[in-house]
Amino acid sequence: MIKLAPSILAADFRDLGNQIKIIEDSGIRYLHIDVMDGMYVPSISFGAPIISSIRKTSNLIFDVHLMVEEPIRLIKEFADAGADIITIHAEACKHLNRTVNYIKELGLKVGISLNPSTPLNILEYVLEDIDMVLIMSVNPGYGGQKFINNSLEKISQLKNKIDSMSLNIDIEVDGGITQENVEEILNAGANIIVSGTAVFKGDIKENINSFNNIFNKNILAREKQDE
Ligand code: DX5
Ligand code: ZN
C-alpha cells in the first residue's frame, strides 16, 4: 500500500488545525511531524505541546520524526503527546538497540532514519526489530531542499534486502519529493512518501489529488507488469 505522509513543517502555523483537517478530509492516513532540536540538526521546529494539541482533533497516524540528539531522553514525552510511530536517527543514538526497544515497550511502532551519507549496513543487527526505515533524501534540518539522487540506489538496495529476508518493513522516504520525481522513488521500492512543500504550497487538496493520481497509475502499471 502506497501512502502519502504530509509533513507539517511546511504548513501555515496560523491555520494548522484547518490545514490538518483538509488533509484528513482528503483521505490521507499519515501525518509526518518533524521535531528538530537545534543540536542534531541546525534548526529548531516544535515539540510535544504542539503534538498533544493537534492530537485532540485528529485521528491521523502521527508519524513523529525525531531529529534530536539522544532521542531516548524524550521518547516518553512524545509517546504521551500522542505519537503512533516514532522514528529516531541511527546516528543520534549512543545505544540504538536500547532506544528501539524502549519505543516498542511503550507500545509504539518504531522507525530508524538514515542520513544521506549513512550506509545501510548500520541496520544489520536491528532490521528485524523495526517497523519502518526512513531514508533521508536531503540532509535533515530544513524543508524545501533538493532531492539527492543517489538515494534511489539506496532505496532499491534496502528493498532488496527486506524482500530477501521476507520482512514486513515500510520504506519511507523524506526530503525534496514532488509530483515530478515521486514515481522513480516508488519504482525504487518506497511505500511511504513524505512531502512538505509539494503538499502545503498552493492548494493542499489539489496537491494531494495529483500525488494520488500518480500513486494510482503506478499501482496499475505494476499490476499490469505482474500479469
Ligand atoms: C527535513 C524534514 C522533512 C521536510 C520535508 O529535515 O525531515 O520531513 O519537512 O520537506 P520537503 O518535502 O519540503 O523537502
Ligand atoms: Zn521528516
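This briefing covers the ligand site and the two largest pockets of the structure. The model is predicted. Ligand 1 sits in the second largest pocket. The protein covers 99% of the 380 Å² of accessible area that ligand 1 has on its own. The largest pocket has a volume of about 470 Å³, and the second largest holds about 320 Å³ of space.

**Polar contacts of ligand 1**

- Asp-174 contributes a side-chain N or O atom that lies 2.6 Å from an oxygen atom of ligand 1.
- Gly-176 uses its backbone instead: a polar backbone atom there is 2.8 Å from an oxygen atom of the ligand.
- Ser-7 places an N or O atom of its side chain 2.9 Å from an oxygen atom of ligand 1.
- With ligand 1 in place, 99% of its 380 Å² of accessible area is covered by the protein.

**The shell around ligand 1**

- The shell counts 20 residues.
- Asp-34, Asp-174, Gly-176, Gly-196 and Thr-197 come nearest to the ligand.
- Three strands each supply at least two shell residues: β2 (30–36), β3 (61–67) and β8 (192–195).
- β2 gives the largest share, three residues.
- By class, the shell has seven nonpolar, eleven polar and two charged residues.

**The second largest pocket, which holds ligand 1**

- Its lining is made of 27 residues.
- Nearest its centre are five glycines: Gly-143, Gly-144, Gly-175, Gly-176 and Gly-196.
- Gly-176 also makes the backbone contact with ligand 1, and Gly-196 is also among the residues nearest the ligand.
- β2, β3, β8 and α7 (197–200) each supply at least two residues of the lining.
- The lining divides into eleven nonpolar, 13 polar and three charged residues.

**The largest pocket**

- The volume of the largest pocket is about 470 Å³.
- Its lining has 21 residues, and Lys-159, Gly-189, Ala-190, Asn-191 and Arg-222 are the closest to its centre.
- Two or more lining residues come from each of α5 (151–164), β7 (170–174), α6 (182–188) and α8 (204–226).
- α8 gives the most, with four residues.
- Ten nonpolar, four polar and seven charged residues make up the lining of the largest pocket.

Technical notes: Residues numbered from 1 in each chain as written. Chains lettered and ligands numbered in written order. Predicted model: local features only at pLDDT ≥ 70, side-chain atom pairs only at ≥ 80, totals over all residues. Heavy atoms only, no water. Near = heavy atom within 4 Å. Polar contact = N/O pair within 3.5 Å; in protein donor to acceptor, adjacent residues only side chain to side chain. Areas by Shrake-Rupley, 256 points an atom, 1.4 Å probe, with all protein chains shown as cover. 1 Å grid on protein atoms, 1.4 Å probe; cavity = no way out; pocket = protein on both sides within 12 Å on 5 of 7 lines; lining within 4 Å. Sits in = over half its atoms within 2 Å of the grid points. Nonpolar A, V, L, I, M, F, W, Y, C, P; charged D, E, K, R; others polar. Points joined across faces, edges and corners; volume = space filled by probe spheres on them.
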